[in-house]
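Visitor: I'm new here, and I keep hearing labels whose meaning I don't know. Could you show me the structure and tell me how each label is earned?

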Amino acid sequence: MAADAEGGGASTSASAATAAFRTFRTLVESADRKFARVRDLPPYGHGPHLLHYYRKVFRAYTRLWRFQQERRRELVSAGLRRWEIGEIASRIGQLYYTQYLRTSEVRYLLEAYVFYEAILNRGYFEAGKGSLVSSSSSARTDLGLRYKELRFHARFLIVAMLLNRTDAVKHLAERFRALLEESKAAHPETNFKEWKLVLQEILRFLKANTAFTNTRPLRYSILFDSHPLSIPYIARFHANRVLRLQDALLTSYHHNEVKFTELTLDTFRMLQCLEWEPSGSYYQTPAKEPTDNGAFSDLSGASGLIDINLSADMTDPSLPPNPRKAIIYHPSVSHLIAVIATICEELHSDNILLIYVSASGRTHHNTVLQRGISGSFLNFSRPNHVSQTSHKQDSSLPDPSVGNKADSNSCFGSYLCLGPRGSGGLNNLYPEDLLPFTRRPLFLIIDSDNSHAFKAEELGMAIMLHHHNISPTAQAGEAMHGAERGEAAALLLSPERPSSVFATDLTPNGSQFTYFLTAPLQAFCQLVGLSSDVEADVYSNAEGILSSALAEWEKHYIKLIWSYSAVSVQLCGRNITRLFIFCWTVLHLFRPIEKSSQHLPDCLPSLPESVSPSSAKTQVHILQLAENFGVVDHFHFSNSIRD
């Protein structure tokens, strides 16, 4: 009788475990279907239907996660493997990362980090490897687990880089390398070529991005980027129309550019430049490892795995929301225009759209000599095509070519190339392509060796000063009277050629112009040839000098900068404008540069003389910075400044 009772109890227990496992599989399939639907959504657009999909998939994974926690013993007895738990946690991390990309809320990035860190610390994917290779089916299972683990490390690496976790990034890169070598040894018949390319991308990206590892993050901080004395000056403008930076579109297309997956080095920097550091502090996750019973929350709050004080900091009401960002890797022109149209359709009248495009203007990328570096050892001639403004500044230059807009045989045209070499005009982005979107407030950042095409004759002043009623079909400078066509657009245009004291190619380190707009002090050091071994005290003093300069410009020139940037004083667009002034002044004063507009950035509408590089109030800060680093000889300052 006792034996029968025990047998019946075991049967009941096995039956319950089987039922629980069946329910678990049903929940997994349901969550995976919803996950696939969200994963395939475009990375732009913010309609209510998108929020509906995200809420459904978060609820599905919440239910799945809690079920496997509550019924863990039964599920394990029925055959649940640890790597299956890891895969669920990895999907949750992906969801949080995707939600970060869509909303720009850094707290979602932290949630992804916590889940990924738990997977790594508990070795969810490691437990099933090695012992499974006794048969062909087990070998396939082991290979599949290795692919899952490689993907997991790649995703975790991106999150760690975006959170500036330097030690974690180094550790993950080494683990990825070791895991790849181990997988190749365990499966010599398998070609891991794609994963080798991923490893090469990782190492190249980290080499370009870790020149100065002990510097502050790229995100804006209230402690460094907002001067208390400027608040009364800023408050005066709240009575007027205030435009809020709501959306940003970031895209790049360069041959052989530094990237990791679909995140290029330039967009990686610009992405962080448009966000605020939570509470102005360097946030850190707790050192303690999350517990197995940590709760997983829905879309509305923190997961509970993060320290409560940190969660409070992440939702500081004193900080404005970060602008939503759409990051598009190597788009076609038609795709880019469609994305801009979608964003503009949802843009409110009191909001502004920032468009960042980093691309070449050359149809022949093999003209290496024309991508010269301005320096004391180099002297390259200008290309044939120059803007009308630049031609006036240097009358010794040849006349600009006429009618070469669609000529694919010329080195330059009035466009940017968003396609491979020899692809023709189909992938050329012309300034006129953006004119229809100037019915909304636009802030354009063009980082290209042909950026000045955006101030060429074909565009005239229409894209910049619509309030002057200039028609896009009119000749340059021809004023047209009539109804207002739209809003004014502000443009920041990169130099056509980078500058350096050395005759070296700076391309492997990303765009110099974007570097100045996102990490100005590091860009300054790169310009004058300083390495990463600068003494900590010297670098700290330099940060103080730069912070004081930006605060001074904000305090004294806020009205002028405000009227130019057309961006709410609470958001990052104002800081970009100040960093542009810094970049403009530094490159203008840089001694090796010949007096050519090729090596200088430009902005439209033009900034006033009071903040120009020739202004003594502007030069004095650059002099202090140069003296701090001992590189005064690399610059030419006004005599009145040096006396």
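Guide: Let's start with a pair of helices. The axes of helix α4 (residues 82-103) and helix α5 (residues 106-122) come within 7 Å and cross at roughly 160 degrees. An axis here is a line fitted to C-alpha atoms, for helices over the stretch in contact, and angles run from 0 to 180 degrees between N-to-C directions. One thing to say early: this is a predicted model, where local features need pLDDT of at least 70 and side-chain atom pairs count only at pLDDT 80 or more, while totals for chains, interfaces and linings use all residues. Residues are numbered from 1 along each chain as its sequence is written, and side-chain values use heavy atoms, with hydrogens and water left out.

Visitor: Why is α4 called roughly antiparallel to α5?

Guide: Angles under 35 degrees count as roughly parallel, over 145 as roughly antiparallel, 65 to 115 as roughly perpendicular and the rest as oblique. The crossing is at roughly 160 degrees, so α4 is roughly antiparallel to α5. The crossing is also left-handed; that word is used if the near helix is turned anticlockwise from the far one by less than a right angle, and right-handed if clockwise.

Visitor: What makes up the contact of α4 with α5?

Guide: Contact means heavy atoms within 4.5 Å. Residues of α4 including G86, Y96 and Y100 meet residues of α5 including L109, F115 and I119. By class, this contact has twelve nonpolar, six polar and three charged residues. Ala, Val, Leu, Ile, Met, Phe, Trp, Tyr, Cys and Pro count as nonpolar, Asp, Glu, Lys and Arg as charged, and the others, Gly among them, as polar.

Visitor: And why are α8 and α11 called oblique?

Guide: The axes of α8 (residues 193-209) and α11 (residues 265-273) come within 11 Å and cross at roughly 55 degrees. That angle falls in none of the named ranges, so the two helices are oblique to each other. α8 passes α11 in a right-handed crossing. F205, A208 and N209 in α8 meet L265, F268 and R269 in α11, and the classes there are four nonpolar, one polar and one charged.

Visitor: How do you know that D247 counts as buried?

Guide: Buried means under 20% relative accessible area, exposed over 50%, and partly exposed in between (1.4 Å probe, protein chains only). D247 has 2% relative accessibility, so it counts as buried. You'll find D247 in strand β1 (residues 244-253). Leaving aside neighbours within four places in sequence, D247 is in contact with residues including H46, R324 and L354.

Visitor: What makes E496 and D449 buried?

Guide: E496 has 8% relative accessibility, so it counts as buried. D449 has 6%, so D449 counts as buried too. E496 lies in the loop between β9 and α15 (512-518), and D449 in the loop between β8 (442-447) and β9 (489-493). E496 touches S448, D449, H452 and Q598, not counting residues up to four places away in sequence. E496 and Q598 are 102 residues apart in sequence, yet 5.0 Å apart in space, C-alpha to C-alpha.

Visitor: Why is helix α16 said to be largely enclosed by the rest of the structure?

Guide: Nine of the nine residues of α16 (residues 520-528) are buried, so the description follows. Among them are P520, F524 and V528. Just after α16, G529 takes a positive phi of about 85 degrees.

Visitor: What makes a nonpolar core, and how many residues has the largest one?

Guide: A nonpolar core is a set of buried Ala, Val, Leu, Ile, Met, Phe, Trp, Tyr and Cys residues joined through side-chain atoms within 4.5 Å. The largest has 133 residues, and L354, F629 and F635 have the most contacts inside it. Helix α6 (residues 136-162) gives the most to this core, with twelve residues. Apart from that core lies another, of 29 residues, among them Y44 and L434.

Visitor: How many helices and strands are there in the protein?

Guide: There are 21 helices and ten strands. Helices (H or I, at least four residues) and strands (E, at least two) are DSSP runs, numbered from the N terminus. Buried residues make up 54% of the 643 residues.
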